[in-house]
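User: Hello! I am new to this structure and would like to learn how to read its features. Could you walk me through them?

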Amino acid sequence: MLAAVANPESIHPSLWRASQLARGDGRCVETGYPALSGELPGGGWPVGALVDLLVQQQGIGELRLLEPVLRASGKGPVALVQPPHLPNSLALANWGIPLERCLVMRPERTADALWAAEQILRAGTCSTLVFWQNHMRAESLRRLHLAAQSSETLFFMIRPLPAAQDASPSPLRLALRPVADGLSIDFVKRRGPLRHEPLVLSVLPSPSLLDKNAPMDWRAPGTSTPVAPLEFATHE
């Protein structure tokens, strides 16, 4: 009995002591930042779960935070749904992500963007999904989280910082603010103890992945053949 109290996960994998990080009941992927991985249950980004990245403003380094996992995401496509700007092909090349692996979807209607994200998760063919959205209804978040649980896709939602006040089924919610040479990360929600001080993380500078001045026709590095992003067909 004393052993069970000391190790509650021996009773059930989803149990943990309030003073310890949960061990995680699924697969995790290394973040590429040891200091951050050490603060996450399972030691990395959870696979098959909604990860909420809540940013003070766009372009503060949230994608540089994801660069290591995007770089190491294998051969599966990387899906970008509703990015605020077209991806920068030079940054993709610098990160080692071939253009043919990057799927960009920018539907006009929010309902279509939600449908696209859900289908990507249910199909399970993309290694990573990054979904930008300003306003989300609670039931939409639950649908996406349930879809993520049935897949092996890394799923990140990038939303405004005020969304931290709203309820979310996400097991991991991080608030990101800019600091000199990096990010200040507050752990809004995690399966483990509260962290009262933010984690200040240095993220290496690199070309911005999202470029508001990016041309509409991309060209694969070293070639003269235009490569256009995947266009999204409106779902009725």
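User: Why does the distance between the end C-alpha atoms of helix α5 agree with its number of residues?

Analyst: The expected span of a helix is 1.5 Å times one less than its number of residues. Helix α5 (residues 110–123) has 14 residues and so should span 20 Å, and its end C-alpha atoms are indeed 20 Å apart. Helices (H or I, at least four residues) and strands (E, at least two) are DSSP runs, numbered from the N terminus. Just after α5 comes G124, with a positive phi near 70°.

User: How far can I trust this?

Analyst: This is a predicted model, where local features need pLDDT of at least 70, side-chain atom pairs count only at pLDDT 80 or more, and totals for chains, interfaces and linings use all residues. Residues are numbered from 1 along each chain as its sequence is written, and side-chain values use heavy atoms, leaving out hydrogens and water. pLDDT is the predictor's confidence in each residue, from 0 to 100. Its average here is 79, and 74% of the residues score at least 70. Over residues 214–236 it is below 50.

User: Which residues of α5 are buried?

Analyst: Buried means under 20% relative accessible area, exposed over 50%, partly exposed in between (1.4 Å probe, protein chains only). In α5 the buried residues are D112, A113, L114, A116, A117, E118, I120 and L121. Their cover includes the strand β4 (78–81) and α6 (138–149).

Methods:
Contact = heavy atoms within 4.5 Å.
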